[in-house]
Structures are given as C-alpha cells and as structure tokens.
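Biologist: I am new to this structure. Please show me how to read its features one at a time.

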Amino acid sequence: MMDLLLHRLLDSEENERQRLAQVLHDGPLQELHSLDFRMVALARIIEDEQQQMQLTEMRSTLRQLARHLRSICQDLRPPALTPFGVSAVLRSFAEGFQQEQPDLEVELDLQDDGQQLSERARLTLYRISQHALRNVAQHAYASRVLVSLKLGDEEVELCIQDDGRGFVVPDDWMLMIQQGKYGLLNCMERAEAVGGQLQIHSQPGAGTQLCITAPIVAPAPANIVQEPAASS
C-alpha cells in the first residue's frame, strides 16, 4: 500500500510540474514574445537615438526574462527526455549548469541509454541529478564534480561525485528531516519508487558521492487489493 501511495504522490508531483510548465509556456512566455514583436515594430518608427538605445536595452531585458522562463519550463519537464533518453538530457542540463557555475569543473561520463530505460526510471534519474548538482553548487564549495551514467544488462547506475567539503551522512531518514535535508529524502523516495537504491557516501572534508542503482525497467506498483481468483 505504501509503495502505491508513494507512486501516486510522485506522479501527482510530476503532473503538477508538467501543468505549470505548460501554463508558463502558453501564458507568460508567449506574451513576452508578443511584446518583443511589438517592440520591433515600435523601433521602426522611432527616430530619436536615445530612445532607440532605451528600447534596445528593454528588449535585451525582455529576452533575458524569456530565456529564464524557458529554463524553468525545461526544469519542470524536460522536453527531450522521452524521445532522446536521459543521457542526452543530463548532458544538456550539465552544460547549462556549467554556464551558471563557471568556477566549477563539470565532467561527464555518460553512456547512451537510448530508449532502454522506462519513462519512470528516466525521470527519476533526471530529478536526482538535478537535486545533486544544485546541492553541489549551493553547499559543497567544490571545484570539480563528475556525473557518470552506466548501463548493465539489467541495471542502470547514476553517480554524482564532488570534491567539496562533505558532511556527516545521517543514519536514518528521521535525522535527515531533523537536519532539513528534505531533498535527499525525496531522492531516496524516488529511487525506491522505481525499485532502486540510493547510496550517499560523504565525510567532512572528503567530498560527497551520491549513487542510484535501479532496474532498467521500473517495476509497476503493487495493487492495494488483490482480486480474488475466479472459482471454477
């Protein structure tokens, strides 16, 4: 029952992310594009040079805002996850992350997963890598991070390892809650929901390694109530 409840909670979260991404794309982002087109038309009739410069600056700010919204939409629901697989999306996310964190060296060792992984497994790997990399940027004070993705015959392994300051890994999930590590708890729940396991290795001053191992095909959640066998 708990497995099914966890599946439903995570599915509900992803559905809400997808809904928000669609709302942002169809609403504010389209309005920004429309406003930019109107500014282009306005620029054609303005002759004052200073006003032209001001309009150019406004369009630059507008385009920066549009890029930011597109980035949010992609984080909420990466469009390439289904057709291209998780390795392509991880590479794209890591490249954008590298631009945001120029002082952090990001290394990739990603095996092409193609269409081998289930949709649920792909999404789980992507969400965990998102959280792990952002944790590195915000808390690790690292100079280097390695992201690796390896596929076996039956399992896939994703590891994110940094050379940052590390931390004392809590013994159980209750301590994680007490220490405010809700993101790590969410990662553990996501891993378990696809039949996988999340391992965290870290020590103060020795960096952190986060690894998830999961089946290539995520198991379906068990039914709450089993249907009785038909009588003969």
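Biologist: How much area does the chain expose, and what share of it do carbon and sulfur atoms supply?

Modeller: Accessible areas come from the Shrake-Rupley method with a 1.4 Å probe, and for residues only the protein chains shown count as cover. Here the chain exposes about 14,300 Å², and 51% of that comes from carbon and sulfur atoms. This is a predicted model, where local features need pLDDT of at least 70 and side-chain atom pairs count only at pLDDT 80 or more, while totals for chains, interfaces and linings use all residues. Residues are numbered from 1 along each chain as its sequence is written, and side-chain values use heavy atoms, with hydrogens and water left out.

Biologist: How many helices and strands does the chain have?

Modeller: Both are DSSP runs numbered from the N terminus: helices are H or I with at least four residues, strands are E with at least two. The chain has seven helices and five strands, and their order from the N terminus is α-α-α-α-β-α-β-β-α-α-β-β.

Biologist: Which residues form a disulfide?

Modeller: A disulfide is a pair of cysteine sulfur atoms within 2.5 Å. The search of the whole structure finds one: C159 and C211, with sulfur atoms 2.1 Å apart. The pair links distant parts of the chain, since C159 lies in strand β3 (residues 155-162) and C211 in strand β5 (residues 208-215), 52 residues apart. The torsion about the S-S bond is about 115 degrees, so the disulfide is right-handed.

Biologist: Are C159 and C211 buried or exposed?

Modeller: Buried means under 20% relative accessible area, exposed over 50%, and partly exposed in between (1.4 Å probe, protein chains only). Both C159 and C211 are buried. Of the 232 residues in the chain, 36% are buried.
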